[in-house]
Amino acid sequence: MAAENKTFYLTTAISYVNGAPHLGHAYEAIASDALARFKRLDGFDVMFLTGTDEYGEKNARTAAKAGIDPQAFVDGNTAKFKDMAGYLNISNDDFVRTSEPRHHRASQAMWQKLVDAGEIYRGNYSGWYSVRDEAYFTEDELTKGEGGALLAPSGAEVEWVEEDSYFFRLSSWGDRLLQHFDDHPDFIQPQSRRNEVTSFVKSGLRDLSVSRRRLTWGIRVPGDDDHVMYVWLDALTNYITGVGYPDEDSDTFKRYWPADYHIIGKDIVRFHTVYWPAFLLAAGLALPKHVFCHGFLNIEGQKMSKSLGNVLAPQDMIGRYGLDPIRYFLLREVPFGQDGSFSHESIVNRINSDLANDLGNLAQRVLSMINKNCGAVVPQHGDLEPADQALLDSAASLLPAVRRIIDTDLAFHNALAEIWRVVGDANRYVDVQAPWELKKKNPDRMATVLYVLAETVRRLAILVQPYVPQSASAMLDQLVVAAGDRSFAALDEDKRLKPGTPLPKPNGVFPRFVDEVAP
Ligand code: MSP
């Protein structure tokens, strides 16, 4: 049911801007965008936030290596992430940069809240730190790499850090967190991640160093100019900066916080499901409803990395395959929550079979038959036969099915499989009914068959909007569906296509991908 007064707040992780975005960043943005679009179409008042994580030692060191002032350096890379949101057709409502004044204000207010609550104390940190992960590790979490260097679980080298530091009393929040995981079994999704986090918390939490003395690139600790905040404390706070914190009484904050979903990658689960909820509890703020941890994208079976030279730039891929085919491929091919692999062969296969042959061909043949044989208007249907009703019913059953899938565990791949089941039904119906044979024999029956098909295409086009927005919109244009009749509410019966509506000459929406043949 449409939920006019219901809000839905979702966020992506905010990316480090020590380089340009790659396909992994694009993947997270696309999946989050599909969810944001789904919820808007389903009648929710959606707030969709993304942004960039500009502080931390990693960004500072990369800027220093490049001989560039850190602010100028992050400005340059942030521009590339903003561009990416544009060329990926991401429908974010806001974009938080952690170097913005509003974010400094929110982070410092958060810090002060924690100080006032007695949750921060001064001490001395000595231990291992991984700059690539921006994370502290205990000795027993490390392994020895080649040449004896100590490595974090991510494979990044760790460094010994010893400095004055402020600590957050994380150790006192373990039981409360475990209780929360018990009371909210779907707080951490998928379940496998929940199990992993639960055993980490059960193994005992240590207080967390939340400031860095030797660094200057960061947000100052209120009242102590010698320290900047630990980058994760500031970065996580972006999720409330984006809805107006520290103005807890503001309409925006009251309307959207707590977030419905934080969408993040599997490498940053601990920060989002242990540190962040502990900070929020300590500050007396509500916890997000769900943290969904997606998997990693590999390229042709290999980890994407600069040293392997296989880092895929999203804009090159769009040039090659087109945006919607990439969005479709990533959401359909990779079970959301698991790792996935990108390969040329598998995307071409999806483009040519699911998009060009199945949905594209369905729409194109239906619309061109109408164009040629029905005077280019939505045909007038006669009485419906059982086969007609069966196809319409199967299309009508999609919204509740897809809604249940998305609401349960964001299984975009299953939602798309479900929609394509009806695409398959429709193609079989075309073959069985063979409208081209009815033209002379029984033109009224041909009109009915083509009406049923056009109406099915309308429903399918409305339902695929979250995943392939531009193509869906082109299909709806060709069916002359008004802008106000494209939400899921328009799937009800009285929004059906009106016989007699003139239709434009159709154009194929999903072209086949043809590999260039080597000369
Ligand atoms: N800055 C932190 C997040 C702070 S959130 C308060 C960070 N940045 S990141 O740039 O390293 O990663 C941004 C997001 O991209 C993360 O969710 C991460 O998991 C995701 N990915 C990075 N590489 C990826 C793949 N190869 N595949 C899929 N997602 C990947 O972590």
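This is a dialogue on reading a predicted model, from its ligand site to its sheet and its unusual backbone angles.

Biologist: Where should I begin with the ligand, and which residues are the closest?

Modeller: Begin with the shell of residues around it. In this predicted model, 24 residues surround the ligand, and the closest are Ile14, Glu28, Asp53, Gly265 and Asp267.

Biologist: Which polar side-chain atom lies 2.4 Å from an oxygen atom of the ligand?

Modeller: A polar contact is a pair of N or O atoms within 3.5 Å. The 2.4 Å distance belongs to a polar side-chain atom of Glu28. For His25, an N or O atom of the side chain is 3.1 Å from a ligand oxygen. Gly265 takes part through its backbone, with an N or O atom 2.9 Å from an oxygen of the ligand.

Biologist: How much of the ligand's accessible area does the protein cover?

Modeller: On its own the ligand has 660 Å² of accessible area, and the protein covers 94% of that. Strand S2 (15-16), helix H1 (23-41), helix H7 (231-241) and strand S15 (261-265) are the elements that each give two or more residues to the shell. The largest share is that of H7, with five residues.

Biologist: How many residues of each class are in the shell?

Modeller: Twelve are nonpolar, nine are polar and three are charged.

Biologist: Turning to the sheet, what is the order of the three strands in the open sheet?

Modeller: The order is S18-S17-S19, and the pairing is mixed. Strand S18 (302-303) and strand S19 (340-342) are at the edges with a single partner strand each, so each has one side without a neighbour in the sheet. Strand S17 (residues 297-299) runs parallel to S19, and three bridges join the two. Within that pairing, Ile299 is opposite Phe342 of S19.

Biologist: How do I read a loop residue such as Ala156: is it buried or exposed?

Modeller: A loop position does not settle that, so check the relative accessible area, where buried means under 20%. Ala156 is in the loop between strand S8 (150-151) and strand S9 (159-168). Its relative accessible area is 3%, so Ala156 is buried. Beyond its neighbours within four places in sequence, Ala156 contacts Ser130, Arg132, Asp133, Leu150 and Leu151. Ser397 is 241 residues from Ala156 along the chain, and their C-alpha atoms are separated by 49 Å.

Biologist: What should I look for in the backbone?

Modeller: Look for exceptions, because most peptide bonds are trans and most residues other than glycine have a negative phi.

Biologist: Which residues does a cis peptide bond join, with omega about -10°?

Modeller: Those are Gln189 and Pro190. Pro190 is in the loop between strand S10 (188-189) and helix H6 (191-202). Another cis peptide bond joins Tyr245 and Pro246, with omega about 10°. Pro246 is in the loop between H7 and helix H8 (251-256), and H7 is also the element with the largest share of the ligand shell.

Biologist: Where is Ala376 found, and what is its phi?

Modeller: Ala376 is in the loop between helix H12 (344-373) and helix H13 (386-396). Its phi is positive, about 55°, although Ala376 is not a glycine. Relative accessibility is 18%, so Ala376 counts as buried.

Biologist: And Leu410: is it buried or exposed?

Modeller: Leu410 is buried, with a relative accessible area of 0%. Leu410 is in the loop between helix H14 (398-409) and helix H15 (412-433). Its phi is positive, at about 50°, and Leu410 is not a glycine.

Methods
Residues are numbered from 1 along each chain as its sequence is written. This is a predicted model: local features need pLDDT of at least 70, side-chain atom pairs count only at pLDDT 80 or more; totals for chains, interfaces and linings use all residues. Side-chain values use heavy atoms; hydrogens and water are left out. A residue is near a molecule or strand if one of its heavy atoms lies within 4 Å of it. A polar contact is a pair of N or O atoms within 3.5 Å; within protein, one must be able to donate a hydrogen and the other to accept it, and residues adjacent in sequence count only if both atoms are side-chain atoms. Accessible areas come from the Shrake-Rupley method with a 1.4 Å probe; for residues, only the protein chains shown count as cover. Helices (H or I, at least four residues) and strands (E, at least two) are DSSP runs, numbered from the N terminus. Ala, Val, Leu, Ile, Met, Phe, Trp, Tyr, Cys and Pro count as nonpolar, Asp, Glu, Lys and Arg as charged, and the others, Gly among them, as polar. Two strands pair if DSSP finds at least two bridges between them. Buried means under 20% relative accessible area, exposed over 50%, partly exposed in between (1.4 Å probe, protein chains only). Contact means heavy atoms within 4.5 Å.
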